[in-house]
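These are my notebook entries on one structure. I set down what I looked up, entry by entry.

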Amino acid sequence: MSSVIVIGAGQAAASFCAKFRTLDHRTPLTIYGDEPEIPYQRPPLSKKYATGDMARSQLYLRPEAWYVDQNIELNTSVKVTCIDRAKREVHLSDGTTAQWSKLMIATGSKVRELPNSVTNNLSGLHYIRTLEDANKFGDVLRKGRRIVIIGGGYIGLEAAAVCAQKGMKVTLVEAGLRILQRVACRETSEWFKRLHSEEGVDIKEGVGLSHFEGQGGKLTRAVLNDKSVIDAEVAVVGIGILPSTELAEECGLAVENGIIVNGVCQTNDLDIYAAGDCAVSDYKGILTRLESVPNAIDQATIAGTHAATGAAPNYVAKPWFWSDQFDVKLQIAGLNRGYTSVVTRAGKTSRSIAHFYYNGEKLLAIDAMNAPSVYMIGKRLLEAGKTILPEHAADVDFNLKSLM
Ligand SMILES: Cc1cc2nc3c(=O)[nH]c(=O)nc-3n(C[C@H](O)[C@H](O)[C@H](O)COP(=O)(O)OP(=O)(O)OC[C@H]3O[C@@H](n4cnc5c(N)ncnc54)[C@H](O)[C@@H]3O)c2cc1C
């Protein structure tokens with residue numbers, strides 16, 4: 001008898017199941033997730049949930065009853081420990097096995113952790129990946145407390161914003177030459193650095209963490225590579241993520257910084273699909289892993305369609321992303337890979353601006369800060385394969401809508 005198993009109970013898993021069930025009501029569909037939670041959204045964990053502006057119940061992607069209504073067997077706190085491709089079964093952490101005829105790997109990613117030689121096993125150190133992490137982080141946010149944040153990517157900057165809004169004394173340490181170096185242009189980095197400075201966050205760039213020190217097992221300070229010291233009782237580490245690909249590797253699937261999937265999200269074993277943070281697929285000729293909710297939803301929807309019907313349109317990534325820091329919403333359309341120049345379009349206020357990334361005259365991507373209409377128009381044009389001439393992008397009097 002055919003049956004479908006989904007490994008992981010996150011964003012991609014929920015989207016896969018929703019799509020699959022609209023097309024196939026009968027095939028047994030089972031999810032195994034190693035967290036104690038039903039599928040939930042992670043973005044608020046470093047944003048509204050952390051500031052207390054969003055309730056825990058609002059995080060869940062679907063109510064628990066939905067899985068029952070849809071005849072989806074949802075198992076939480078059960079880890080898949082092995083995929084046996086020959087026997088078409090998975091081994092579970094409770095010692096049992098389960099059969100599948102189609103398998104969906106939606107294992108997401110895990111945080112890159114600092115080694116014990118750096119953390120010295122001190123308490124007071126936080127990562128933000130799971131709801132459990134976010135709850136522990138939320139418990140330490142207290143006015144007047146000193147916090148050091150290691151890593152100036154989106155998670156680190158969002159955590160810094162939350163802490164500053166809570167009245168904490170925040171220092172952010174970025175080992176690279178500038179914050180957001182991996183993902184954004186110098187102009188966007190500088191813009192966010194100024195925003196954070198205005199809000200009282202002290203950003204140190206170009207200097208890495210040497211190690212943490214403490215007393216009685218509790219963190220008291222961070223020592224940087226230049227020997228300077230930051231006193232802090234709390235630290236957040238946001239130094240990137242790694243795709244969760246161990247199961248795939250161990251069972252011989254093709255993996256290269258992610259599980260390699262084709263246009264319909266099949267792995268090199270055509271009965272096994274993968275989607276979301278753990279998967280890597282072709283984007284403009286380069287194997288690309290997109291760490292975002294929209295990508296997880298789109299890939300999983302295609303995988304769900306294909307698993308249910310045997311056919312689906314090829315996945316064409318339409319990258320977009322967002323971040324909330326203080327009163328600024330950053331919206332990113334496109335992928336800036338390979339840009340050669342950046343054009344700035346001034347905003348209506350000091351907290352509004354847009355940066356357009358070009359390769360020659362070809363528009364690649366846009367970072368829009370509190371500029372939702374620029375973002376929306378740019379996204380549509382990018383998705384239609386159109387460009388905006390650099391002189392039009394820079395000219396605030398030029399109506400971008402006229403290009404639609
Ligand atoms: C704090 C934070 C803020 C973010 N902000 C944004 C944002 O603003 N915008 C945006 O687009 N994206 C954001 N992201 C990224 C986004 O949440 C991810 O890209 C998305 O969740 C990926 O979905 P996924 O299903 O691939 O993985 P996940 O949602 O991570 O789900 C994977 C699940 O699989 C489980 N799992 C792994 N291995 C096993 C196993 N062997 N057995 C059983 N279960 C297993 C994991 O524990 C996890 O629960 C953020 C992420 C974090 C952590």
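**Entry 1: polar contacts of the ligand**

I began with the backbone of S292, where a polar atom lies 3.1 Å from an oxygen atom of the ligand. I note at the outset that the model is predicted. I then looked up two further backbone contacts. A polar backbone atom of A12 is 2.7 Å from an oxygen atom of the ligand, and a polar backbone atom of V80 is 3.0 Å from a nitrogen atom of the ligand. I also looked up the coverage: on its own the ligand has 1000 Å² of accessible area, and the protein covers 94% of this.

**Entry 2: the shell around the ligand**

I listed 33 residues around the ligand, of which A12, D34, E35, K47 and D277 come nearest. I sorted the shell by residue class and obtained 16 nonpolar, 9 polar and 8 charged residues.

Which element gives the largest share of the shell? I found that α9 does, with 3 residues. At least two shell residues each come from α1 (11–23), α9 (293–309) and β22 (320–325).

I next consulted the domain assignment, which gives domain 1 (4–110 + 241–309), domain 2 (116–237) and domain 3 (327–403). Why does the ligand lie between domain 1 and domain 2? I place the ligand there because both of these domains give residues to the shell. For domain 1 and domain 3, I recorded a distance of 33 Å between the C-alpha centres.

**Entry 3: salt bridges**

I searched the whole structure and found 22 salt bridges. I examined three of them individually.

The first entry is E198 with R351, whose closest N and O atoms are 2.9 Å apart. I note that this pair links distant parts of the chain, with the two positions 153 residues apart. E198 belongs to helix α7 (residues 186–198), whereas R351 sits in the loop between β24 (341–346) and β25 (353–359). Is each partner buried or exposed? I class R351 as buried because its relative accessibility is 15%, under the 20% limit. E198 has 45% relative accessibility and therefore counts as partly exposed. I also traced a network of salt bridges that links R194, E198, E199, D327 and R351.

I then took K329 and D324, whose side chains meet in a salt bridge at 2.8 Å from N to O. K329 has a relative accessible area of 34% and is thus partly exposed. D324 also counts as partly exposed, at 23% relative accessibility.

For D202 and K204, I recorded a salt bridge with 3.2 Å between the closest N and O atoms. D202 is partly exposed, its relative accessible area being 35%. K204 counts as partly exposed at 29% relative accessibility.

**Entry 4: positive phi values**

I looked up two backbone torsions with this general background: most residues other than glycine have a negative phi.

K284 is not a glycine, yet I read a positive phi of about 50° for it. I located K284 in the loop between β20 (279–283) and β21 (286–288). Its relative accessibility is 60%, so K284 counts as exposed, the limit being over 50%.

N370 is a residue other than glycine with a positive phi, near 45°. I placed N370 in the loop between β26 (362–369) and α10 (372–383). N370 is partly exposed, with 27% relative accessible area.

**Entry 5: two loop residues and their separations**

I looked up R88 in the loop between β4 (80–84) and β5 (89–92). R88 has a relative accessible area of 22% and is therefore partly exposed. How far is the C-alpha atom of R88 from that of I179? I recorded 45 Å for this pair, which is 91 residues apart along the chain.

I found Y339 in the loop between β23 (328–334) and β24. Y339 counts as partly exposed because its relative accessibility is 31%. The C-alpha atoms of Y339 and K227 are separated by 36 Å, and the two residues are 112 apart along the chain.

Methods:
Residues are numbered from 1 along each chain as its sequence is written. This is a predicted model: local features need pLDDT of at least 70, side-chain atom pairs count only at pLDDT 80 or more; totals for chains, interfaces and linings use all residues. Side-chain values use heavy atoms; hydrogens and water are left out. A residue is near a molecule or strand if one of its heavy atoms lies within 4 Å of it. A polar contact is a pair of N or O atoms within 3.5 Å; within protein, one must be able to donate a hydrogen and the other to accept it, and residues adjacent in sequence count only if both atoms are side-chain atoms. Accessible areas come from the Shrake-Rupley method with a 1.4 Å probe; for residues, only the protein chains shown count as cover. Helices (H or I, at least four residues) and strands (E, at least two) are DSSP runs, numbered from the N terminus. Ala, Val, Leu, Ile, Met, Phe, Trp, Tyr, Cys and Pro count as nonpolar, Asp, Glu, Lys and Arg as charged, and the others, Gly among them, as polar. Domain bounds come from an automatic or database domain assignment. A salt bridge is a side-chain nitrogen of Lys or Arg within 4 Å of a carboxyl oxygen of Asp or Glu. Buried means under 20% relative accessible area, exposed over 50%, partly exposed in between (1.4 Å probe, protein chains only).
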